[in-house]
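Q: Please take me through one part of this model in close-up. I'd like the cut-offs behind each term too, since I'll want to compare them with my own.

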Amino acid sequence: MVIQKSALLSTVTARNGSKREGTMKRERVQTHWGAYIQWFGFVITLVLLFGHAAAETDKLYWTDVRGIHRVDLDGGNMETPVPVPLVSPIGIAVDEKGEKIYWADSKTRRIQRANLDGTDIEDIITAESGYPYYVAVDTSRGKLYWTDTQIIQRSNLDGTEVEKIVTREIGVWWPRGIAVDEKGGKIYWADSDTRRIQRSNLDGTEIEDLVTEGLQNPLKVAVDPIGGKIYWTDIGTIFRADLDGKNVEETVGGLDFPSAIVVDPVGVKLYWTEWKTGKIHRSDLDGANIEDVFTTGVKRILGIAIGADQQKIYWTDRQFPPKIQRANLDGTDIEMVITTELYTNGIALDTSVQKIYWTNSEAGKIQQSNFDGTNIEDLVIDGLCWPSGMALDTEGRKVYWADGCVGVHRSNLDGTDIELLVTKEIAHPSDVAVDVNNGKIYWTNNQAETIQRANLNGTDVEDVVEWRRVPQGIALDVKQGKIYSTEINFTTGAGIIRRLNFDGTELQTVLKPANIDLRKTRLSYPWGIAVDPYRGKIYWTDLNPGRIHRANLNGTDPEDFVTGVNGGRFIALDLTQAIDAWGVVNHQGRQPTLWGRIRGNALLPNFPNPFNPETWIPYQLTEAAHVRICIYDIFGHLVRELDLGEQPAGDYLSRQCAAYWDGRNDMGEEVSSGMYFYTLEAGDYQRTRRMTIVQ
């Protein structure tokens, strides 16, 4: 949460506002709030201003292992604008007829598919509970099969018509590897819990126990319908038997940990992987003539599949960055099919330009995208170890982030001019929050178990409060002048949320497990936290139940807000509509927030800024005046004059009422990119601000 000068001012980005220019008539609009701060003889106006904003409703954003998500504050319209393609890919299958690969991602609880070259990734199954592990395809019947926790399911290849065909009640406990015998009309699977190899009809009927003795931890299965054999992996060994389970024999022994297996019926070969050594091997179907296919570039393979017609082998690799690769059957021409280096952690929003910023901890990056998830960019890629929480100062055009093994950093919003503000010898930060009005940055130091702060340039580091446990997330409530923080006792698995004044006084416990109704919510591993001062709410993530909760600012009425979160860490709020409805005033120095109407004329920051090609210039009048706005280039040459005529007292803040400039000079020509100055003249009042146009 960021407290900033003219905070989020330029989030007035509604597209439906009419353009008003020149002498067009103005209407008086709803009063908003502001405050003056006198700095060295000139006036800086601090305003939270949101005319008619772009968002239809305020939203909560959060990160987890599946990407960046958002939801309306009433719980509706959940979206994932920045999805993570791969997190923990396990089972994989090839549909050569449909030219698709399918895989299960156990951490995101998804089954996905893509073209054979990795393009056109789509989610086809999202499990509400359980964890899909391994997949198999019946191309002739257009069916997809997969194993899950205590269940086997199937669907059409597009994910429709999902059916539970084998459940715990009728004989399965922990099914893992699965294979389809299209010719024989059977599915085969290994049950690691009951230590059995089993099969059934394709619809799950007539379950049979094929092998029940001598198994330690059967994991993967593969079928050779031509040779009439089923293969499976166990600890250090690959076995095979007839399709009816008879004539069990050891095929390949003395292995380390065979983790995936597949049969190439055309080439009459058996392929398998070893988890620890990172190798892919092959042999004849009877285990003879073992050879390495390749031994490098493979780390943690759990799934392997054959594209016989293409003469390709596909595999999943869970080592970061998670990936799906393929090669020729002899191991040559290794290709990257799908990969991701997106591991979202800290998150912050710049509503003025509709941008999401996040830390990518695994890849050691700071990244950004549009609000809809398009145009993902790397901003900072050097000098990072494990970036986590972050905060923005949009007025000062800075991004701040915590890096637990380096310290507290900042850079420009475009990633340039990186500075190490506080080193790891002083701070081991987890999360940061910025108070631009007071010129302070706050962070949680989870090694020293303190909350600390410093000036925005990193000087004058001081402890705000010593914590009793490990502090994690931090958020600021500018309205009340409060710090909120989450803390975790990793030994007991109990969490607490506390609040205190900006100067560290009046430390209070807001929420603890003892005062929570466990039927409504939990407080085990609270992490990220955000404050909505307008509705009087706090939101936080909890790692253990995988949820986002909320409560009143004093901790009363805690409730679950979002369930099914997978490894949720940090959160951020887009409060455009709340500010539009109520307005807010930031506070000056260390004084409490001042609420009330601005006394005096005011020229406010244009929005959006930077812009291309149009912008709106808001202002306020305490009495009627003739209004003129003049726009100058950096050399002082007059570029455009907007004569708005006689205007009554009022607040001209929204796009319908603010002055409009289309980025053209008095000749109607588009001006070039760069910095410009605009001056408001209203009676005896005169004020100048700057703006930037980009082409």
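Here is a walk through the largest pocket, followed by some of its wider setting.

A: This is a predicted model, so to speak a computed picture: local features need pLDDT of at least 70, side-chain atom pairs count only at pLDDT 80 or more, and totals for chains, interfaces and linings use all residues. Numbering starts from 1 along each chain as its sequence is written, and side-chain values use heavy atoms, leaving out hydrogens and water.

Let's start with the pocket. The largest one has a volume of about 920 Å³ (an open set of points on a 1 Å grid where a 1.4 Å probe fits, with protein on both sides within 12 Å along at least five of seven lines; volume is the space filled by probe spheres on the points). Its lining takes in 37 residues, and the closest to the pocket centre are Val137, Val180, Val262, Val263 and Ile306 (lining means an atom within 4 Å of a point). Which elements give two or more residues to that lining? They are strand 7 (89–95), strand 11 (135–138), strand 15 (175–181), strand 19 (221–224), strand 23 (258–264) and strand 27 (301–307) (strands are DSSP E runs of at least two residues, helices H or I runs of at least four). By residue class, the lining divides into 26 nonpolar, 4 polar and 7 charged, with Gly counted as polar.

Zooming out, the protein chain holds 1 helix and 60 strands. Of its 695 residues, 61% are buried (under 20% relative accessible area with a 1.4 Å probe; exposed is over 50%, partly exposed in between). Among contacts with a separation of 6 or more, 47% come from residues 24 or more positions apart (heavy atoms within 4.5 Å).

Elsewhere in the chain there is an open sheet of 4 strands, ordered 31-32-33-34 with antiparallel pairing (at least two DSSP bridges per pair). Strand 31 (344–350) and strand 34 (377–380) are the edges, each pairing on one side only. From one strand to the next, the twist averages 30 degrees (between N-to-C axes fitted to C-alpha atoms, 0 to 180 degrees). Inside the sheet, strand 32 (residues 355–360) and strand 33 (residues 365–370) pair over 6 bridges, and Trp358 stands opposite Gln367 in strand 33.

One loop residue to finish: Asn612 sits between strand 52 (602–603) and strand 53 (615–617). Asn612 is partly exposed, at 44% relative accessible area. Leaving aside residues up to four places away in sequence, Asn612 touches Val694 and Gln695. The C-alpha atoms of Asn612 and Asp662 are 8.7 Å apart, with their positions 50 residues apart along the chain.
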